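Biologist: Could you take a close look at one part of this model for me, and set it against the whole chain?

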Amino acid sequence: MNPSAEVSSSPSNAIDFLTLCHSLKTTKRKGWVNHAIKGPESIADHMYRMSLMALIASDLPGVNRERCIKMAIVHDIAEAIVGDITPSDGVPKAEKSRLEQAALTEMCKVLGGGMRAEEIKELWQEYENNASLEANLVKDFDKVEMILQALEYESEHGKVLDEFFLSTAGKFQTEIGKSWAAEIHSRRNSRLGN
């Protein structure tokens, strides 16, 4: 382990980092803004419910639930700097990843480096690369949370938000993701009278 990894951030670094993360609480998720949803969820709202998903999910062989919770908390953290870049923005996937990687590096500098910064980087990269069973599950939670939110907005606002359901169809990697998505689709179909 390198010596800087053993350092913990100072109170000043910690508060600077948390202040930077404030925008996660105030930045509204662009997919909902683009659909004129009044009072849409923030990036932090989305990550919070994903974390709850990881907390309540059944135990799976070989899956570290605590790591899933942490990954859910940090998977969109770079959006504190770059904002919520959606497919409709036309930013190529590789460029989005590069922008977010640079933002994450900057955030970890603000935190003052050390073990926690390294952990955040590692969790984010693992998620980004879909590089573990935990990442597979958290990627599924990302999609499940979005379609659950879409279902709720359909009910609350009398809208039809098909694109969110279509964009995730057939893309779930885990049994939990597939079963939770199926439950949401079933509830939606009942509501729509299909």
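Biologist: What radius of gyration does the chain have, and what would a compact globule with 194 residues have? Please then look closely at the nonpolar patch on the surface formed by Y48, L52, L55 and I56.

Modeller: This is a predicted model, in which local features need pLDDT of at least 70 and side-chain atom pairs pLDDT 80 or more, while totals for chains, interfaces and linings use all residues. Residues are numbered from 1 along each chain as its sequence is written, and side-chain values use heavy atoms, without hydrogens and water.

The chain has a radius of gyration of 18 Å, which agrees with the value near 16 Å for a compact globule of 194 residues (C-alpha atoms; 2.2 Å times the number of residues to the power 0.38). Its C-alpha atoms fill a box of roughly 60 × 40 × 30 Å along the principal axes, and the chain has 10 helices and 0 strands (DSSP runs, H or I of at least four residues and E of at least two).

Turning to the patch, Y48, L52, L55 and I56 together have about 420 Å² of accessible area (Shrake-Rupley, 1.4 Å probe), where a patch takes residues with over 30% relative accessible area and no salt bridge, joining nonpolar side chains within 5 Å and like charges within 9 Å. I56 belongs to helix α3, residues 43-56, and counts as exposed because its relative accessible area is 62%, exposed being over 50% and buried under 20%. Across the chain, buried residues make up 40% of the 194 residues, and carbon and sulfur atoms supply 56% of the roughly 10,300 Å² that the chain exposes.

Conventions:
Salt bridge = Lys/Arg side-chain N within 4 Å of Asp/Glu carboxyl O. Buried < 20%, exposed > 50% of the residue type's maximum accessible area, 1.4 Å probe, protein only.
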